[in-house]
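Colleague: I would like to go through this model with you and ask how each label was earned. Please show it first.

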Amino acid sequence: MPLMEPYRVKVVEPIPILTRADREAAMARAGYNPFNLRADEITIDLLSDSGTGALSAAQQAAGAIGDETYAGSASWFRFREVVDELTGYPHIFPVHQGRAAERILFNALLEPGQLCVSNTHFDTTRANVLLAGGKPVDLPCAAAADLDSDHPFKGDIDLDALRAALEGPESVGVVVMTITNNGGGGQPVSMANLTAVRDLCREHGVPFFLDAARFAENAWLVVQREPGWSDKTPAEVARAAFELADGAVASLKKDAIAHIGGFLALRDPELAAQCELVLIATEGFRTYGGLAGRDLEMLAQGLREVVDPRYLAARAAATRYLGDLIKAAGVSIVEPAGIHALYLNAGRLLTHLPPAQYPGHALATELYLAGGIRCAELGTLYLGEEDENGVLLKAAPYELVRLAIPRRVYTQSHLEYVAEVVGEIAKNPERVPGYRMVSAPKLLRHFNCRVEPIRA
Ligand code: F0G
């Protein structure tokens with residue numbers, strides 16, 4: 001049996017198909033920054049899998065019965081029941097999206113100068129640690145450095161390095177494991193690694209949290225890859241992961257297949273009381289946290305749907321299928337393929353471009369110019385460091401392009417189209433121009449910078 005999607009299409013939306021000349025004009029207007037493009041200029045949007053999923057009919061129906069009562073909404077109780085069953089945490093707070101949970105948690109947990117240790121912080125997580133006065137430290141496992149190896153759990157943390165950090169001179173305020181590891185190629189974290197992290201944290205009296213944005217996809221990869229877990233359901237694996245930690249922050253824009261939402265969930269009643277005050281002051285009362293009743297209903301239904309093994313199997317197979325087509329076209333990806341995204345190795349494809357000419361950005365831009373595909377780089381444009389004259393001081397370790405796959409949105413032929421466009425570029429990679437910076441803000445420059453192609 002082929003792994004077909006276990007759903008059919010009920011509502012459709014036309015997608016814009018522009019000419020190359022129109023795309024060139026759009027990109028020039030956008031300062032060659034994909035974040036400045038407009039939706040009506042994009043054919044296939046692989047910029048993010050966050051808030052971009054397709055709702056089910058059941059989610060739409062749930063939204064229609066959303067209870068918009070200010071305090072004590074019936075929708076809140078339904079949401080809480082589902083999150084409680086999924087996680088087992090006694091204190092659950094809704095928030096408008098993941099970064100709000102991060103802000104509230106880190107401000108409550110971190111003393112100025114304390115470390116927050118992670119397998120890899122996602123960028124908003126890192127920013128919220130810094131804003132709370134903490135110091136983010138990434139300790140990915142050694143296997144993560146080899147982009148080509150097919151090690152099944154490259155999202156694991158380096159346990160020796162974690163032990164050293166916990167025993168080191170600097171105080172560790174919290175350990176956060178990102179499942180799956182978005183900043184590290186979308187790779188999963190094993191239950192064995194999470195268990196060892198729990199043991200180390202317990203030994204040192206340090207709180208252990210999950211950044212659980214893609215908890216169901218991580219659970220699916222555990223079922224598929226980790227000995228001893230193959231007979232468990234994704235919901236059972238997810239529950240076991242949550243049980244290991246003291247709490248979790250979650251963006252529900254990913255694995256609740258909804259457009260907005262998140263939660264902060266905790267065991268410690270004192271920490272919960274502290275967080276609740278900030279929640280009420282900055283997000284909303286504890287029974288809505290910045291969300292509408294209809295959002296809470298759609299999130300609750302999405303959380304039920306996302307742990308369906310047939311859905312997860314089809315989604316994982318679709319990403320793997322796209323990865324296989326891209327590799328057959330001669331372009332390397334970060335191995336093995338994860339679920340929410342593929343990460344193309346632009347550095348290996350565009351060997352004629354030095355990091356100072358942003359090969360990742362060059363490939364991402366070319367995907368748009370050649371086929372209307374929007375995506376973004378994770379390379380020197382995002383992570384590099386330059387002096388005030390724009391001279392590159394430090395390149396990113398890799399030049400990657402992330403193709404993030406929205407949930408339930410694109411069909412197999414859309415994915416084949418993407419692979420075809422990648423393949424066309426790969427036939428003559430030396431034709432792809434490099435880019436130079438025109439203007440960039442000091443912080444988070446990849447969102448706002450303007451660049452231009454370097455024409456020979
Ligand atoms: N943690 C992880 C692992 C994420 O991937 C994200 C968002 C967040 C936290 C923040 O959640 O957006 O709801 O505030 N990732 C999106 C992405 C933006 O495209 O990967 P949020």
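Modeller: This is a predicted model, and the turns below take up the ligand site and then some points along the backbone.

Colleague: Which of the residues around the ligand come nearest, and what makes a residue count as near?

Modeller: A residue counts if one of its heavy atoms lies within 4 Å of the ligand. There are 16 residues around the ligand, and S48, R99, D211, S251 and K254 come nearest.

Colleague: Why is the pair between S48 and the ligand called a polar contact?

Modeller: The pair joins an oxygen atom of the ligand to an N or O atom in the side chain of S48, at 2.7 Å. The cut-off for N or O atoms is 3.5 Å, so the pair qualifies. G98 uses a polar backbone atom instead, 2.9 Å from an oxygen atom of the ligand. With K254, a polar side-chain atom lies 2.9 Å from a nitrogen atom of the ligand. The protein as a whole covers 94% of the 470 Å² of accessible area that the ligand has on its own.

Colleague: What makes you say where the ligand sits?

Modeller: The test is that more than half of the ligand's atoms lie within 2 Å of the grid points of a cavity or pocket. The ligand is assigned to the largest cavity.

Colleague: Which helices supply at least two residues of the shell around the ligand?

Modeller: Helix 4 (98-109) and helix 10 (252-255) each do. Helix 4 gives the largest share, 3 residues.

Colleague: How do the residues of the shell divide into nonpolar, polar and charged?

Modeller: The division is 1 nonpolar, 8 polar and 7 charged. Lys counts as charged, so K254 belongs to the charged group.

Colleague: What is joined by a cis peptide bond, and where?

Modeller: One such bond joins I179 and T180, with omega about -20°. T180 is in the loop between strand 5 (172-178) and helix 7 (191-204). Another joins E335 and P336, with omega about -15°. The loop holding P336 runs between helix 13 (309-328) and strand 9 (341-345).

Colleague: Why is a cis bond or a positive phi worth pointing out?

Modeller: Because most peptide bonds are trans, and most residues other than glycine have a negative phi. I257 is not a glycine, yet its phi is positive, about 45°. I257 is in the loop between helix 10 and strand 8 (262-266).

Colleague: What does UniProt place at residues 45-420?

Modeller: An unreviewed UniProt entry gives the feature "domain: Aromatic amino acid beta-eliminating lyase/threonine aldolase" there. In the model, that span is 45% helix and 15% strand, and its end C-alpha atoms lie 15 Å apart.

Methods: Residues are numbered from 1 along each chain as its sequence is written. This is a predicted model: local features need pLDDT of at least 70, side-chain atom pairs count only at pLDDT 80 or more; totals for chains, interfaces and linings use all residues. Side-chain values use heavy atoms; hydrogens and water are left out. A polar contact is a pair of N or O atoms within 3.5 Å; within protein, one must be able to donate a hydrogen and the other to accept it, and residues adjacent in sequence count only if both atoms are side-chain atoms. Accessible areas come from the Shrake-Rupley method with a 1.4 Å probe; for residues, only the protein chains shown count as cover. On a 1 Å grid over the protein atoms alone, a cavity is a set of points where a 1.4 Å probe fits but cannot get out, and a pocket is an open set with protein on both sides within 12 Å along at least five of seven lines; lining residues have an atom within 4 Å of a point. Helices (H or I, at least four residues) and strands (E, at least two) are DSSP runs, numbered from the N terminus. UniProt positions are given in the numbering used here, feature names are shortened, and annotations may be inferred rather than shown by experiment.
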